[in-house]
Amino acid sequence: MSENDFFCDLTATPASHLQTAVFYEIKDMLRGQTATILFAEDPAITLHSLNLQLRNNLRWEISRDAAGRWQAVVHRAEDVPPTDVLDALKRDHKRLDAMFSQVIHLTDSKQLTAAHAIMRAFVEGLRKHFAVEHDILARAIRTVPDAFGFDPTAAMLQEHAEILNQSVMIELSFEETDASSASIAPLLAILAGYFSKHEQREETTLFPVWTGALNKVSEEARKALLVRVLGVLEGRAGAPI
């Protein structure tokens, strides 16, 4: 643990106050820093609950010391590698969200050249993300329509086509001779709402199905799949689809 890392002893903190206490200990933690926290009882439930509150931005390891105290070493999620394929996809969702937010901000600020460059990168990122979900996961893990005929995979494919079409249209809009913040901003606003709702639906309907299927295969197979998926998301040459 470096001098810039955090340490605190919460062994005397009442269980009802633990989650709040942990939050205040780690809220100012920067990239590259860790927090080592001592607990009287297993903190797994507390940390999982806090992580939901913080939009899955924490990772940790739990152990016990010789005195029987529980110790958690907490990291920011971006400081540790993805734990599995779904973790990698959720992180990519956040990366794409951040890029799109930059496009909106730059467009609103009338910095159209910079916004256009990031929009191009966003579209390329979408293509890689969709390649993982279409060509790897959806092909390997089939879903069955429910009693009303709803198939989450089919819905995902349809929404992806709409998102990509809208994104490409916006990218081309930046190239129009009369392109302006006033002409592009409304298009971005429409896509922002659709994109956000799509991600939420995907993570609540498809991700649990994919998680259940992946949990049935060997750890070695899951690790190999993660390497394959990261290769596609990162655009490494020769990464197999």
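**Note on the predicted model: a buried ion pair, two pockets, two cores**

1. The side chains of Arg 59 and Asp 87 form a salt bridge, with N and O 2.6 Å apart. This pair ties together distant parts of the chain, since Arg 59 sits in strand S3 and Asp 87 in helix H3, 28 residues apart. The structure is a predicted model, and the values below are to be read with that in mind.

2. Are the two partners buried or exposed? Arg 59 has a relative accessibility of 12% and therefore counts as buried, the cut-off being under 20%. Asp 87 is buried as well, at 4%. Side chains of opposite charge can pair when their charged atoms come close.

3. The Arg 59 to Asp 87 pair does not stand alone. Arg 59, Asp 87 and Arg 91 are joined into one network by salt bridges that share partners. Over the whole structure, the search finds 10 salt bridges.

4. Another salt bridge joins Arg 95 and Asp 92, with 2.8 Å from N to O. Both residues belong to helix H3 and are 3 residues apart, which is about one turn of the helix. Arg 95 is partly exposed, with 35% relative accessibility, whereas Asp 92 is buried, with a relative accessible area of 6%.

5. Arg 69 pairs with Asp 65, and their closest N and O atoms are 2.9 Å apart. Here Arg 69 is partly exposed at 33% relative accessibility, and Asp 65 is also partly exposed, at 25%. Neither value falls under the 20% needed to count as buried.

6. The largest pocket has a volume of about 890 Å³. Its lining comprises 31 residues, and the closest to its centre are Asn 56, Arg 59, Leu 86, Asp 87 and Lys 90. Both partners of the buried salt bridge in point 1, Arg 59 and Asp 87, are thus among the residues closest to the centre of this pocket.

7. Which elements give two or more residues to the lining of the largest pocket? They are helix H2 (44-53), strand S3 (58-64), helix H3 (85-108), helix H6 (181-214) and helix H7 (219-233). By class, the lining holds 13 charged, 10 polar and 8 nonpolar residues.

8. The second largest pocket holds about 150 Å³ of space. Its lining consists of Ile 26, Lys 27, Met 29, Leu 54, Asn 57, Leu 58, Arg 76 and Glu 78. Of these, 4 count as nonpolar, 1 as polar and 3 as charged.

9. The largest nonpolar core contains 21 residues, and Val 85, Leu 89, Leu 137 and Trp 210 have the most contacts inside it. H3, helix H4 (112-140), H6 and H7 each give two or more residues to this core. H7 gives the most, with 6 residues. In soluble globular proteins, nonpolar side chains tend to be buried together.

10. What does Trp 210 touch, leaving aside residues up to four places away in sequence? Its contacts are Leu 86, Leu 89, Glu 133, Leu 137, Ala 138, Ile 141 and Met 156. Leu 86 is also one of the residues closest to the centre of the largest pocket. A second, separate core has 20 residues, among them Met 99, Leu 106, Phe 130 and Phe 174.

11. On the overall fold, the protein has 7 helices and 4 strands. Along the sequence they follow the pattern β-α-β-α-β-β-α-α-α-α-α. The C-alpha atoms fill a box of roughly 70 × 45 × 40 Å along the principal axes. Of the 241 residues, 40% are buried. Among contacts with a separation of 6 or more, 68% are between residues 24 or more positions apart.

12. One backbone detail can be checked by eye. Lys 110 has a positive phi of about 65°, although it is not a glycine. Lys 110 is placed in the loop between H3 and H4. At 66% relative accessibility, Lys 110 counts as exposed, the cut-off for that being over 50%.

Conventions
Residues numbered from 1 in each chain as written. Predicted model: local features only at pLDDT ≥ 70, side-chain atom pairs only at ≥ 80, totals over all residues. Heavy atoms only, no water. 1 Å grid on protein atoms, 1.4 Å probe; cavity = no way out; pocket = protein on both sides within 12 Å on 5 of 7 lines; lining within 4 Å. Points joined across faces, edges and corners; volume = space filled by probe spheres on them. Nonpolar A, V, L, I, M, F, W, Y, C, P; charged D, E, K, R; others polar. Core = buried A, V, L, I, M, F, W, Y, C linked by side-chain atoms within 4.5 Å. Buried < 20%, exposed > 50% of the residue type's maximum accessible area, 1.4 Å probe, protein only. Contact = heavy atoms within 4.5 Å. Salt bridge = Lys/Arg side-chain N within 4 Å of Asp/Glu carboxyl O.
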